[in-house]
Amino acid sequence: MNWKLPLGLVLCVLLPLSVAASAVDDTPDIIALRAKYLPPGAIPYPDDNPYSAAKAQLGKTLFFDPIFSSSGTLSCGSCHKPDRGWEDGLSLAVGDSRQALKLKTPSLIDDAWLDRLGWDGRFVSLEAVTFAPITGKQNMNMSEAGVIARLSSIPEYVHDFKTVFDDATISRKHIEMALATYERSIVAAQAPFDRWAAGDDAAISQAAKRGFAIFNGKGRCAECHSGWAFTDGSFHDIGVAKDGDVGRGRLFPTSVKLQHAFKTPTLRDVALRAPYMHDGSVPTLEAVIDLYDKGGIARPSRSEVIKPLGLTAQEKADLLAFLNTLTSRAQPIDIPAPPR
Ligand code: HEC
Ligand code: HEC
């Protein structure tokens, strides 16, 4: 018997496979899906704290000024570092006294769109967060009066607050408004994924396109990391937090589902933001994918969406390739020198 198959037959069998593997982005489903990830319009600034360029610039100078920490060495930007996806690369943040806090520094990217902030969502606005790190004993360890006295002793700040707020004295409210205005301007820069979402088929690899399909399909990631900012702004137990680490459950002690629940983080610039999770317990993106594949700690609070996924090695690699397309190569930002 002749075992050689005619070339035509071989092509008939192989061609459909290779077409299927290389044309993930051509299916109507994927085109419809990727269009859901186009960025929204303008940054939403609240009516009671509208944008002005001078206010954002003042907020930026304050953000990078170590004047807010007791020792005068730690600024907001020491923990929320622009070149690390606005995190610091540490498992747990380290405050002014060099002691570790209980939480990892979260990213600030696209916070303007969130109406609950903090890993447990206890802050209702960017303005409301401001003095928590400043007066936190383990964080910057300053009093409100101490901060105002320091700022008021610097003529440039007195001048800038007067210009922006038409107010002769520097107040807590205006410090909050200036910092929050700057923070709202911290938005995701264009990543390869965005070029693909906008229609450039060559912007990401075939592996990443398959990964996107897994992200929205078998992996069920998009059920929580939804939309162009890759977060639903909500709180879930994904089976990571250890006993006693209840997250949002502290605010809602009788809710079963909010025990061990933490805010869904954005996945923008995620490759720059290791280690991962609110407790910094997961060192790499590969380990994050393995964790979701296993399904985390099974308990009543765990989201029903989280369960063992049975991903193959190829699917894990594809998912990783996709996650890596969410990282932009933004120009480094100019960090203003403190005015003194
Ligand atoms: C020692 C490191 C450190 C410093 C300094 C620091 N932060 Fe943070 N930041 C954190 C940590 C940790 C959290 C998480 C706190 C929580 O969830 O309760 C956080 C949370 C936030 C959040 C909420 C983000 C979100 O998406 O939920 C904002 C906004 C924020 N910080 C702004 C600031 C500002 C403004 C300053 C300066 C006044 C500042 N931070 C100083 C570590 C720091
Ligand atoms: C049920 C909602 C949900 C699903 C489904 C989900 N996530 Fe998450 N994700 C979260 C929450 C909540 C956190 C933060 C958990 C924590 O810190 O304890 C998180 C954290 C992460 C982080 C770490 C980000 C950081 O800032 O530390 C990555 C990366 C991530 N998820 C990727 C994925 C991928 C990939 C999938 C699909 C395989 C997925 N997620 C599925 C809700 C979800």
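Before sorting the shell around ligand 2, I noted the classes: Ala, Val, Leu, Ile, Met, Phe, Trp, Tyr, Cys and Pro count as nonpolar, Asp, Glu, Lys and Arg as charged, and the others, Gly among them, as polar. The model I am reading is predicted.

**Entry 1. Shell of ligand 2**

I counted the residues around ligand 2 and found 26. By class they divide into 15 nonpolar, 6 polar and 5 charged. The closest of them are C221, C224, H225, M277 and Y292. I then asked which elements supply at least two residues of this shell. The answer is β2, residues 262-263, and α12, residues 285-294. Of the shell, α12 gives the most, with 3 residues.

**Entry 2. Polar contacts of ligand 2**

I looked up the polar partners of ligand 2 and wrote down three. R273 takes part through its side chain: one of its N or O atoms lies 2.7 Å from an oxygen atom of the ligand. M277, already listed among the closest residues, takes part through its backbone, where a polar atom is 2.6 Å from an oxygen atom of ligand 2. For Y292, also on that list, I noted an N or O atom of the side chain at 2.6 Å from a nitrogen atom of the ligand.

**Entry 3. The space itself**

Which cavity does ligand 2 take up? I found that the space taken by this ligand is the largest cavity.

**Entry 4. E315**

I turned next to E315, which is found in helix α13, residues 313-324. Is E315 buried or exposed? Its relative accessible area is 18%, and the cut-off for buried is under 20%, so E315 counts as buried. I followed its side chain and found that it reaches the backbone nitrogen of T312 at 2.9 Å. I also checked contacts of E315, leaving aside neighbours within four places in sequence, and recorded I214, K218 and G310.

**Entry 5. The chain as a whole**

Last, I took the overall figures. The chain has 340 residues, of which 46% count as buried. Its secondary structure comes to 13 helices and 2 strands; α12 and β2 from Entry 1 and α13 from Entry 4 belong to this set. I read the extent of the C-alpha trace along its principal axes as about 95 × 45 × 35 Å. For contacts with a separation of 6 or more, I noted that 67% are between residues 24 or more positions apart.

How values were computed
Residues numbered from 1 in each chain as written. Chains lettered and ligands numbered in written order. Predicted model: local features only at pLDDT ≥ 70, side-chain atom pairs only at ≥ 80, totals over all residues. Heavy atoms only, no water. Buried < 20%, exposed > 50% of the residue type's maximum accessible area, 1.4 Å probe, protein only. Polar contact = N/O pair within 3.5 Å; in protein donor to acceptor, adjacent residues only side chain to side chain. Contact = heavy atoms within 4.5 Å. Near = heavy atom within 4 Å. 1 Å grid on protein atoms, 1.4 Å probe; cavity = no way out; pocket = protein on both sides within 12 Å on 5 of 7 lines; lining within 4 Å. Sits in = over half its atoms within 2 Å of the grid points.
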